[in-house]
Number of protein chains: 2
Amino acid sequence: MAGSVAEKLLTAHLVSGEPNPGEEIGLGIDQTLTQDATGTLVMQELEALRLDRARTEVSVQYVDHNLLQADEKNAEDHAFLRSACRRYGLWFSKPGNGVSHPTHMQRFGVPGKTMVGSDSHTCAAGSLGMLAIGVGGLEVAMAIAGRPLYLRMPEIWGVRLTGELPPWVSAKDVVLEMLRRHGVKGGLNRIIEYHGPGLAGLTAMDRHVIANMGAELGATTTVFPADDAVRRFLRAEGREDDFTELTADADASYDVDEEIDLSALEPLIAKPSAPDNVVPVREVAGTEVSQVVIGSSANPGFRDFAIAAAMVKGRQTDDSVSFDVNPSSREIFADLTKAGHTFDLISAGARIHQAGCMGCIGMGQAPATGRNSLRTFPRNFPGRSGTREDSVWLCSPETAAAAALTGEIIDPRDLAGKLELRHTVPAEPESASVNTEMLVPPPEPEEAARVELDKGPNISSLPDFPELPDRMAAPVLLKVGDDISTDEISPAGARALPFRSNVPKLAEFTFTRIDEDYPARARATADDTGHFVVGGENYGQGSSREHAAITPRYLGLRAVIAKSFARIHWQNLANFGILALEFTRSDDYDRIDPDDVLAIDEVRRSLPGGPELTVRNTTKDEEYRVRHRLSERQVEAVLAGGRIPLLAREV
Amino acid sequence: MAGSVAEKLLTAHLVSGEPNPGEEIGLGIDQTLTQDATGTLVMQELEALRLDRARTEVSVQYVDHNLLQADEKNAEDHAFLRSACRRYGLWFSKPGNGVSHPTHMQRFGVPGKTMVGSDSHTCAAGSLGMLAIGVGGLEVAMAIAGRPLYLRMPEIWGVRLTGELPPWVSAKDVVLEMLRRHGVKGGLNRIIEYHGPGLAGLTAMDRHVIANMGAELGATTTVFPADDAVRRFLRAEGREDDFTELTADADASYDVDEEIDLSALEPLIAKPSAPDNVVPVREVAGTEVSQVVIGSSANPGFRDFAIAAAMVKGRQTDDSVSFDVNPSSREIFADLTKAGHTFDLISAGARIHQAGCMGCIGMGQAPATGRNSLRTFPRNFPGRSGTREDSVWLCSPETAAAAALTGEIIDPRDLAGKLELRHTVPAEPESASVNTEMLVPPPEPEEAARVELDKGPNISSLPDFPELPDRMAAPVLLKVGDDISTDEISPAGARALPFRSNVPKLAEFTFTRIDEDYPARARATADDTGHFVVGGENYGQGSSREHAAITPRYLGLRAVIAKSFARIHWQNLANFGILALEFTRSDDYDRIDPDDVLAIDEVRRSLPGGPELTVRNTTKDEEYRVRHRLSERQVEAVLAGGRIPLLAREV
């Protein structure tokens, strides 16, 4: 990895450890990003930590998730977040200002800086030559408090891009190609670094598309160099002063090598219901479509909307299709409107929604049962749309707009042939409609110290978490398969999300997509023995929400035994005192049944003693060897019941 | 009323009865309007009536209420409505095409025509010289089937307008003045007809504002003449051919007379939580505001958004305020965008939402508990915003935009003084951005006959309603006060509305704003004796939703005894077999307590026999005289258990 962009970023911020794959390192963190769905907990954590003022260079709290306001709870959260930003010295991005990732890139991203964010797509900032990592809310709270981020040093995966994208193929197809090749686990424990001559044809926003969906590959993060494309982007944002060149050395090397010839790519689409279920669009042409949605942090750029607008201009979307457009930031919406694209979209039959995540996070826009919905979003996990039996596809804006016009899936190259359309991407404005007024700056420290937190009736405090008992003996309340996502553990969507600041209420949704009775059965174990969950590969993939650890913990979950874990959720489990154990023999997974009682003796002594433990199945009278991958610090936290009780002790 | 516009409209459509106040008349109906929250039931009723094809000149189904789509139900309703329109020969206005009232006015309204609509603000079409009446869904279904509308002939209330509106005072202030003078019951059993020289300064859309909120006065409807202002409006819509002049004779007379000097009006505002709680804006100046919303059928015109945009142009809304803008129709949104107003609104910090009713029907935009929300909407009944303890104010766009800029209530004239603003209303486009592609026309009859209804899993059939028993003896399950609205009987909002096509599910929300246990206690009576509800004055005011009759009926409600009833809900009660009885001595209201058992003997014999009945309170051993106001046809329907069983018998 010598001479790579990733290496330079890591080395410049290393505060502990050696950057060898698998070893724990500590990194100094310059910036943080939180969104409202995870941010209310982060602010509650800052309160629990008794922080006086953020110690980062820049910390920004965005409101982009819970925008629908079906009742008072969302508006109360917004008021709480605003007051917490004023109290702790964070920037506050008002509802309507846009999705965190493109907005942060436009207003705050700086090449060469590090960032953690309580959103799994935080990695999108890699498009500017930042090292930006999605983590649990507590990791963000620690970073705001000036603590380093600790993680296992990942491998650096160099992806060399050559050639130029053909007409009707765009950045989304590049990352779909990566998902087609490597699947949702392909990036686990890796930083993806794109390099090579193909970069020259990709704007900073194109790179955002690719970096963003590194999250779907399971990667720690994605980085791009800070080169002329980044300089041009910052210039249009009126921030050329923030530019620093950061490129790989000519002889840079990588732990793993890969190559993509951009000129060989074609329009791709992820079929329901996984982002790596990727096929060429032509393979599924003719499939009927009832909804098309454009927007989200996976296709947030001016060009993504403008190309769709250019395609539908002077035409009408099919009358059986709902064509939904979610501007990704206020600035981009203003630019699109000034350039006439908003008018063209409205005229073609688009439903223009407020700037924000919207349907991408299940906040409205749920399709009818079983009807096909094509989206430019990053994810299509089952039920994430809000519809239990949904059928969501992921594609580029070009492929999406083509379907909106015809009412069926069609390769945009084939539509272009029929309509004599040319793939001319509308010009970006030379200067963006920069307007920082919806970004409320933090007040001076003296004023901040006087701010009272604005806690509406729906804002709870964090619950207490007792420490790990020395003898664990508890039933397996749930056994799940591979690739269980945090959406399945703690669902998003308009019903659940309003309770994200209220752990007892939110807990009632835990695992209900898999087992409606889980919360009731689990609650019964909470004060008693607690319980186990058994999982397959890649347990906890998907979003970074720490609610997926806190709510089952609140309901009595003390340990998960799985074949493997997704990185962010694994960290969240440790942070909130849930023991994450891996089978040493994955066949043992098959030997455990729901309701079996599992026991681990003298766990407080054996956990610091080494990576392996023995789990006894007292129902079947057999034993399994399992291992944990916890660092010393993490062991200490798990024994204490989680990081918060540990820190509370220190204070 | 001789020579009035109302008289001409009534006479031209009279099919039975004499137009003397209080007598039942029948009117031929030319057009119908349904929206999605009420329309799914109307379509189920057409199905129950086995209609082959609509017999009106024009019937349009709009989708403007349930646009958030938190789960699959809304999208499934949209698909059901689309299929029902195709099956029964109605126009279908797609989601995103706009609010029914301005959209209907733009595309379908014709001077001299009659219309019924299953939305209480149907009366807005009176702005074009139509006789347009909000009624229950079943009345609309009957009209679509070619049946006349029967109603008690109202009085005609002539309101003579003189003078011209001063700067910063607009149409909304005119109707707020009417509410200030007469309250929410002031228009009961009346048609309001505006006339006089002051009309010359009011555009057709200004008149829409005033006609729309005739609903809040409780009026049967509001009419304006079809004069040059209407001709200009239709010309801009490319429909000058649809214009017919319809004006009052010079010597027209009215049953009741009133006069408003427009030049004497000032900016007004309705305080929480009733539309008639009206005071001058200056009286409440300085009140802190956390949300401002512009939109809805009460201020739907181009000018209403354009004046707000002109006020905030180049400025920023206060950072503590959420400034929400709901375009009222796709056409107006397109025009605003073309003219640059959308850009100005976005730049000033507005959250632009999809075209539709949105927060006006509690579909999102709920404010924080107790925080002040200023809205250009027609209604502020408690809890209608989605927030139980809300604080919603109603005002003009000028007053709303002023508050958005300052974060507090301020008379726009005073703001204008501070900012050196001039009240220049931006010019309307000479030709509107007419685009009918989101209006799907009905297919030819042969094709329509082959259409299958698209019923998703959430679309129920109508339940069976048994006939009225001869001896009613049942407990009073609920006793309520004056002015109980249909929002309190069957709440709207994002939680309840998705179930509007599913009576058993929706019934679980009945009366829960007043008494959370009502559904559980009531269900117990449904198969047995049923139960009574006792109410005060103006029982059932507010929206036209017939769910407010169907769901309590489904739960066992057989009779309401009240001091007086709101007109539309009273009709809905008769349509669905609930006996509506009025105390002859209103003091008797005070003698009944919850859980008292009331009995009416031989009701099947005595109901057709005369208007008065005796109710025995068997708990207290006392008697009350009550009266019904049912026509012969209505008595027949109530005895049969409602109109649908009656018609089903005929088929």
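Trainee: How many residues of domain 1 of chain A are in contact with domain 3 of chain A?
Mentor: The model is predicted: local features need pLDDT of at least 70, side-chain atom pairs count only at pLDDT 80 or more, and totals for chains, interfaces and linings use all residues, while side-chain values use heavy atoms and leave out hydrogens and water. Residues are numbered from 1 along each chain as its sequence is written, and chains are lettered from A and ligands numbered from 1 in the order in which they are written. An automatic or database domain assignment supplies the domain bounds, dividing chain A into domain 1 (5–264), domain 2 (268–419) and domain 3 (472–650). Taking contact as heavy atoms within 4.5 Å, domain 3 of chain A gives 31 residues and domain 1 of chain A gives 34 residues.

Trainee: Which three residues supply 19% of the area that domain 1 of chain A buries against domain 3 of chain A?
Mentor: Buried area is the accessible area (1.4 Å probe) that two parts lose on being put together, summed over both. Between domain 1 and domain 3 of chain A the buried area is about 2700 Å², with 52% given by carbon and sulfur atoms. The three that supply 19% of the area on the domain 1 side, more than any other three residues, are A:L41, A:L138 and A:E139.

Trainee: Which element gives the largest share of the side of domain 1 of chain A that touches domain 3 of chain A?
Mentor: Domain 1 and domain 3 of chain A share three salt bridges (a side-chain nitrogen of Lys or Arg within 4 Å of a carboxyl oxygen of Asp or Glu), and A:R633 and A:E24 meet in a salt bridge at 3.1 Å, N to O. Helices (H or I, at least four residues) and strands (E, at least two) are DSSP runs numbered from the N terminus. On the domain 1 side, the elements that give two or more residues are α2 (36–48), α3, β7 (131–134), α5 (137–144) and β8 (149–152) of chain A. The largest share, eight residues, comes from α2(A).

Trainee: Which three residues supply 15% of the area that chain A buries against chain B?
Mentor: Chain A and chain B each bring 53 residues to their contact. Together they bury about 4200 Å², 53% of it on carbon and sulfur atoms. On the side of chain A, the three that supply 15%, more than any other three residues, are A:D319, A:I346 and A:R351.

Trainee: With which residue does A:R371 form a salt bridge?
Mentor: Four salt bridges are counted between chain A and chain B. In one salt bridge, with the closest N and O atoms 2.9 Å apart, A:R371 pairs with B:D454.

Trainee: Which residue of chain A comes closest to the rotation axis?
Mentor: Two copies of a chain are related by a rotation about an axis and a shift along it. Superposed by least squares on the C-alpha atoms of residues with pLDDT of at least 70 in both, chain A falls on chain B after a rotation of 180° with 0.0 Å of shift (RMSD 0.0 Å). That is the relation of a two-fold axis. At 2.5 Å (C-alpha), the residue of chain A closest to the axis is A:H353.

Trainee: Why do the copies meet through the same surface?
Mentor: The comparison concerns the interface residues of chain A and those of chain B. The copies meet through the same surface because the share of interface residues of chain A that are also interface residues in chain B is 100%.
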